[in-house]
Amino acid sequence: MRPPAPAPVPAPGDAAPPTAPRKESAPPVAATPPAPPALDLAALEKRLRATNAIGIFTKLSLKNQVDDLVARFRTFHQGAPVAVAKLREEYDLLLLKVLSVLQDGDPELARDIGASREAIWGLLLDPVKFKKVTS
Amino acid sequence: MKQRVGGVPVIVALTTLFAAPSLAAEDPAVLKDLTAVIALQGLACGQVVGAVRQGEQDYVATCQDGNRYRVFVNAQGRVVVEKR
């Protein structure tokens, strides 16, 4: 077995004392994604109604489609055999439509709606929250 | 003294009167709105290049690809897009 190698001797001109604790760089911290903003559905709805980025037909058509999807969730919560995956597909498609009509004219609103995607989904899927927001 | 009403103003007035229900809508905002609503229904169009107003919230839109659609709000408050 080989003996351990001797500790390196500091150069004579080295200013740092040999016993000085070596500054360790902080261990890398895994970047945590920023917490999603609290969902304010009423505010988003108000902004969607007020935006000038889309016209009256577009707003009304989106409202029709939102109402249709909410009706599908209502039947789901009443026990109808509706697959959650299918609802998710319809929800994603509708959100995509909303974002596509808003992204040029009101990118800020599009971003905020996009950021609320999972929160809105959670609200639709939870029977208690769903009842609260739709009653 | 008899005052004669010129023919041209009368024709203009009559034309305006009878043309009112079907005004061409060249407002870019209306064309953009119609383009978006047709796309939302998943119908082929491209862009709406012209529209004729048939009534309150009732248009016939002409698309870039030649398709024509009637876009209106029905009594139930739903936007309906009908191919013409």
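**Close-up views of a predicted two-chain model**

**View 1. Chain B, its burial and its order of elements.** In chain B, which has 84 residues, 23% of the residues are buried; the model shown in this and every other view is a predicted one. Chain B contains 2 helices and 4 strands, and, followed along the sequence, these elements come in the pattern α-α-β-β-β-β. Of the contacts in chain B that join residues at least 6 apart in sequence, 29% are between residues at least 24 apart.

**View 2. Chain A, a chain with helices and no strands.** Chain A has 6 helices and 0 strands, giving the pattern α-α-α-α-α-α along its sequence. Its length is 135 residues, of which 10% are buried. When contacts in chain A with a separation of 6 or more are considered, 60% of them are accounted for by residues 24 or more positions apart.

**View 3. The four-stranded sheet of chain B.** The strands of chain B form an open sheet of 4 strands in the order β1-β2-β3-β4, with antiparallel pairing. Because β1 and β4 of chain B each have a single partner strand, they stand at the edges, and one side of each is left without a neighbour in the sheet. From one strand to the next, the twist averages 20°. The helix α2(B) packs on this sheet and touches β1, β2, β3 and β4 of chain B, with a direction that makes about 95° with that of β1(B).

**View 4. The hairpin of β2(B) and β3(B).** Strands β2(B) and β3(B) are paired in the antiparallel sense over 5 bridges. Within this pair, B:Tyr59 has B:Val71 of β3(B) as its bridge partner, while B:Asp58 stands opposite B:Phe72 in β3(B). The hairpin has 4 residues between the strands, and in it B:Gly66 takes a positive phi near 95°.

**View 5. The hairpin of β3(B) and β4(B).** Strands β3(B) and β4(B) run antiparallel and are joined by 5 bridges. The bridge partner of B:Phe72 in β4(B) is B:Val80, so that B:Phe72 appears both here and opposite B:Asp58 in the preceding view. Between the strands of this hairpin there are 5 residues, and B:Gly77 in the hairpin takes a positive phi near 80°.

**View 6. Where helix α2(A) meets helix α2(B).** The two helices α2(A) and α2(B) pack with their axes 7 Å apart and at an angle of about 20°, which makes α2(A) roughly parallel to α2(B). From α2(A), the residues that make the contact are A:Ile56, A:Phe57, A:Thr58, A:Ser61 and A:Leu62, and from α2(B) they are B:Asp33, B:Leu34, B:Ala36, B:Val37 and B:Leu40. Divided by class, the residues of this helix-to-helix contact are 7 nonpolar, 2 polar and 1 charged. The helix α2(A) also lies across β3 and β4 of chain B, running at about 105° to β4(B).

**View 7. The side of chain B that touches chain A.** The contact between the chains takes 11 residues from chain A and 12 residues from chain B. On the chain B side, the elements that give two or more residues are α2 (28-40) and β3 (68-73), and α2(B) gives the most, with 8 residues. By class, the residues on this side of chain B comprise 9 nonpolar, no polar and 3 charged.

**View 8. The largest nonpolar core and B:Ala61 within it.** The largest nonpolar core has 25 residues, among which B:Leu34, B:Val37, B:Ile38, B:Val48, B:Ala61 and B:Val71 touch the most other members. Both chains take part, since two or more residues come from each of α2 (56-77) and α3 (84-102) of chain A and from each of α2, β1 (48-55), β2 (58-63), β3 and β4 (79-83) of chain B. The element that gives the most to this core is α2(B), with 7 residues. Leaving aside residues up to four places away in sequence, B:Ala61 touches B:Leu34, B:Ile38, B:Val48, B:Ala51, B:Arg68, B:Tyr69 and B:Val71.

**View 9. A:Val84 in helix α3 of chain A.** The residue A:Val84 lies in helix α3 of chain A. A:Val84 is exposed, because 10 other C-beta atoms lie within 10 Å and a residue counts as exposed at 12 or fewer. A:Ser100 is 16 residues from A:Val84 along the chain, and the C-alpha atoms of these two residues are separated by 24 Å.

Technical notes:
Residues are numbered from 1 along each chain as its sequence is written. Chains are lettered from A and ligands numbered from 1 in the order in which they are written. This is a predicted model: local features need pLDDT of at least 70, side-chain atom pairs count only at pLDDT 80 or more; totals for chains, interfaces and linings use all residues. Two residues are in contact if their C-beta atoms, placed from the backbone, lie within 7 Å. Ala, Val, Leu, Ile, Met, Phe, Trp, Tyr, Cys and Pro count as nonpolar, Asp, Glu, Lys and Arg as charged, and the others, Gly among them, as polar. A nonpolar core is a set of buried Ala, Val, Leu, Ile, Met, Phe, Trp, Tyr and Cys residues joined through C-beta atoms within 7 Å. A residue is buried if 20 or more other C-beta atoms lie within 10 Å of its own, exposed if 12 or fewer, and partly exposed in between; C-beta atoms are placed from the backbone. Axes are lines fitted to C-alpha atoms, for helices over the stretch in contact, and angles run from 0 to 180 degrees between N-to-C directions. Angles under 35 degrees count as roughly parallel, over 145 as roughly antiparallel, 65 to 115 as roughly perpendicular and the rest as oblique. Two strands pair if DSSP finds at least two bridges between them.
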